[in-house]
Amino acid sequence: MSLPTRPLAVTINGHRRGPIDVPEGLMMIDVLHEMLGLTGPRLGCGIGICHACVVIWDRDDRTSEEVRTCITGAHFFEGKSIRTIEGIARRDDTGRVLALSPVQQAVLDKFSFQCGYCTPGFVMAATVLVERLARVPVPRSEVEATVSAALEPHICRCTGYVRYYQAVRDVILATPGLTRDAG
Amino acid sequence: MSLRRRRVLLVASVILLAVIAAAALALHNLLAGKSGGAIQAVKAPADVIARGRYLAAAADCAACHTAPGGAPFAGGLAMQSGFGTIYATNITPDPDEGIGRWSADDFWRALHDGVRRDGQQLYPAMPYTSYRGMTRADSDAIYAYVMQLRPMKVAPPVTDLKFPFNVRLSLVGWNLLFLHDQLPAVSTGRSAGWQRGRYLVNVLGHCGECHTPRGIVGEMELSRSLTGFALGRVAAPDITPAGLAARGWTASGLRAFLGGATTREGSAFADMRTVVALSTRNMTAEDLEAVTTFLLGDNPPPIGPSPFDKAQVQAATTGLGRSSYVALCSGCHGLDGNGVPNTVVALRNNSTPRLSDPRNLIVAMLDGVGLENFPHRKNIEAMPGFADKLSDGEAAELANYVRLTFGGRKADVTAADVRALRRK
């Protein structure tokens, strides 16, 4: 018995991939891992709770959001543009990393993680947040609450979150244009 | 006479009766009302307190008399009504903020007549309309239980409705029209279990307060008892014998559902999750059996055949609704709609897609469903909402696919139905 397939074409990290034949009921995490060689997004709970598997969906209106790939069918992404953790750092034409993103660097500098399984998810959430604040800054007094709200759905089982939250808060406070004075 | 004229007439008579009756009854109530007074010290035997605790759970006092994150029974929950926001009161024995100065007689009058200790009328958000059928012994036992709770010095927000609804005296007229000693039975039966079930459902459980349609002045329309009503965002479905049977509910399924399990027919969500968590799951096996005996009757109607139309189901397997289902739902609910045991509810034969009204299905798709904790460490994990991922048209197609394929219902949901339910 063979599974019915449909062609799937997705723009991932700025490169158009596919069309490839993908079984219709396959979740996106499986396609990323098994068919596209992108193993950065992690499969954790498999039921949309832990958020280790999220990718960034860049919508046509230039907003972006996290999507859980463990519970979202691959064909949901047909024709859409997404970023995975592999596409966050700046790279040269050969794929060599030139510079980590400020969020990635801060997470390293703060020793935010131990095992690192949840890290791709946290970095995606923080990246979406930083990009959103560049469009719509928040008062400095609300940064703490904003970071908490953005990272809250992500689950970490080793470190107790504090250093993730500190890292993201510091990036936001240190980056011009993400915050404004209250009033 | 047209329905409209009848309603106008009804409103007119409510006002007239209220004015006349208020003069007499309310004057009496207010004269008899008390403030201040001695702090009650209630000494009751342990078995009476235990019985009161059980009855308080069966009557689900805590569901409304507890604010989100607040101390149990300390009040503060905001209840939206068509007449304004009503705040539940503190019923812990604090002498100033709670009912610490109330006697057993005062307590009984609140439950039986809807009158506060100070003589003011209660709004029927407090279900004295159902509790009126309670025995004095049960009222006294609940009183004995709540009076030994730890007093909570918490002042809930004060209910402050706009005119004319802030005239509590008008409730005297309302009560003359709508307060009944006994609510009608929705099934037929004579057994002891059925009798006990009638008391548990109609009186203690006050099921009709949500499941019975309400008229224009907020009264329960008893001629349509338990046929379902949307008091809030999620509708309380039809729980008459015919309504339950049409959605495939059996006595054992209902018992399991009320006892706190996830069943073939689904798990409790929205307000009903609170009911199961705080109330029904604490009932004895005998009482749960009595509840289902009353809801279905001594001779339950045959379970409605799954009204699946094979040709339509086949046609639906290629549409846009199916694509959305595979993309957004199948990861958890499965391609075949069978869910994951104890983790994700099945959609196939689930009670919600089997409702003729698509409201609850659409609301669940748009808003998602919160995490549900049930006894014995059973969790139904939170379902995300898809309001931002589905257009009105796509959501309607998806709802139709789920209704047709898993619920055996007509694919009659339109984009306008979805638009009407989107949060503003």
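**Two interfaces of chain A**

Good morning. Across the interface of domain 1 and domain 2 of chain A, eight residue pairs are in polar contact, with both residues of each pair at pLDDT 80 or more. Please keep in mind that this is a predicted model.

I shall stay with these pairs for a moment and ask which elements supply the residues. Which elements give two or more residues to the side of domain 1 that touches domain 2? They are β3, residues 54-58, and β4 of chain A. Sorted by class, this side of domain 1 has eight nonpolar, six polar and six charged residues.

Charged residues lead us to salt bridges. Between domain 1 and domain 2 of chain A the count is one. A:Arg83 and A:Glu131 form a salt bridge, and their closest N and O atoms are 2.7 Å apart.

Let me now place the two domains. Chain A is divided into domain 1, covering 5-86, and domain 2, covering 90-180. Taken over C-alpha atoms, the centres of these domains of chain A are separated by 21 Å. How many residues of each domain are in contact with the other? In chain A, 20 residues of domain 1 are in contact with 18 residues of domain 2. Between them, the two domains of chain A bury about 1500 Å², and carbon and sulfur atoms give 58% of that area. Which residues of domain 1 lose the most area to domain 2? They are A:Arg42, A:Glu66 and A:Ile85, which together account for 32% of what the domain 1 side buries.

I turn next to the interface between the chains. Here, 15 residues of chain A are in contact with 15 residues of chain B. Chain A and chain B bury about 1300 Å² between them, with 61% of it on carbon and sulfur atoms.

What of charge and polarity at this interface? The count between chain A and chain B is two salt bridges. In a salt bridge between the chains, the side chain of A:Glu65 meets that of B:Lys389, at 3.0 Å from N to O. Four residue pairs are in polar contact between chain A and chain B, both residues being at pLDDT 80 or more.

Which element gives the most to the side of chain A that touches chain B? Strand β4 of chain A, residues 64-68, does so, with three residues. By class, this side of chain A has seven nonpolar, three polar and five charged residues.

To close, I would direct your attention to β4 of chain A. This strand gives residues to the domain 1 side that touches domain 2, and β4 also gives residues to the side of chain A that touches chain B. Thank you.

Note on methods: Residues are numbered from 1 along each chain as its sequence is written. Chains are lettered from A and ligands numbered from 1 in the order in which they are written. This is a predicted model: local features need pLDDT of at least 70, side-chain atom pairs count only at pLDDT 80 or more; totals for chains, interfaces and linings use all residues. Side-chain values use heavy atoms; hydrogens and water are left out. Contact means heavy atoms within 4.5 Å. Buried area is the accessible area (1.4 Å probe) that two parts lose on being put together, summed over both. A salt bridge is a side-chain nitrogen of Lys or Arg within 4 Å of a carboxyl oxygen of Asp or Glu. A polar contact is a pair of N or O atoms within 3.5 Å; within protein, one must be able to donate a hydrogen and the other to accept it, and residues adjacent in sequence count only if both atoms are side-chain atoms. Helices (H or I, at least four residues) and strands (E, at least two) are DSSP runs, numbered from the N terminus. Ala, Val, Leu, Ile, Met, Phe, Trp, Tyr, Cys and Pro count as nonpolar, Asp, Glu, Lys and Arg as charged, and the others, Gly among them, as polar. Domain bounds come from an automatic or database domain assignment.
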